[in-house]
Amino acid sequence: MHSVRTFTVFAAAVASVLVVPGAAQADSSATAAKYYYTTWSNARSVKDPDKLDPPVGRLWAGRNYFYCQTEGYVASDDHGNRNVWWARTDDDSGNRDVWISAIHFTVGGNFEPIPGLPRC
């Protein structure tokens with residue numbers, strides 16, 4: 001009987017561990033896995049990462065979820081960040097399945113994929 005109680009306490013402790021950046025977390029509101037990352041700056045979202053289309057919305061800086069990543073056109077900013085990797089998400093403007101450049105992520109480097117985020 002003692003081993004059952006110990007296992008229950010251990011399982012509860014493991015379940016309470018915080019999600020690390022890039023780790024999948026179950027979400028009952030969607031069928032696709034969501035991976036949580038921190039973005040260091042507000043980002044413009046686009047419908048197609050392969051085209052230089054006008055932005056459709058915004059994703060605010062902070063902890064956000066993403067589904068997957070793919071290669072697209074080169075994005076750059078005034079801070080010297082450049083990347084061809086784009087992450088699919090739902091933005092804060094209400095747009096679903098839009099793309100955010102990897103230049104906004106706090107992980108990874110120039111022209112590197114986002115660590116731990118699967119390819120689309």
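This report describes a three-stranded sheet and the largest pocket of a predicted model.

## Basis of the description

Residues are numbered from 1 along each chain as its sequence is written, and side-chain values use heavy atoms, with hydrogens and water left out. Because the model is predicted, local features need pLDDT of at least 70 and side-chain atom pairs count only at pLDDT 80 or more, while totals for chains, interfaces and linings use all residues.

## The open sheet

Three strands (DSSP runs of E, at least two residues, numbered from the N terminus) form an open sheet in the order 6-7-8, with antiparallel pairing. Strand 6 (68-76) and strand 8 (98-101) stand at the edges with a single partner strand each, so one side of each has no neighbour in the sheet. Neighbouring strands here are turned by 40° against each other on average, direction ignored, where axes are lines fitted to C-alpha atoms.

Strand 6 pairs with strand 7 (residues 82-89) in the antiparallel sense over six bridges, and pairing requires that DSSP finds at least two bridges between two strands. Glutamate 71 has tryptophan 85, in strand 7, as its bridge partner.

## The largest pocket

The largest pocket holds about 400 Å³ of space. A pocket is an open set of points on a 1 Å grid over the protein atoms alone, where a 1.4 Å probe fits, with protein on both sides within 12 Å along at least five of seven lines; lining residues have an atom within 4 Å of a point. The pocket is lined by 21 residues, of which Arg44, Ala75, Ser76, Ile103 and His104 are the closest to its centre. Strand 6 gives the largest share of the lining, four residues.

Definitions and conventions:
Axes fitted to C-alpha atoms, helices over the stretch in contact; angles between N-to-C directions. Points joined across faces, edges and corners; volume = space filled by probe spheres on them.
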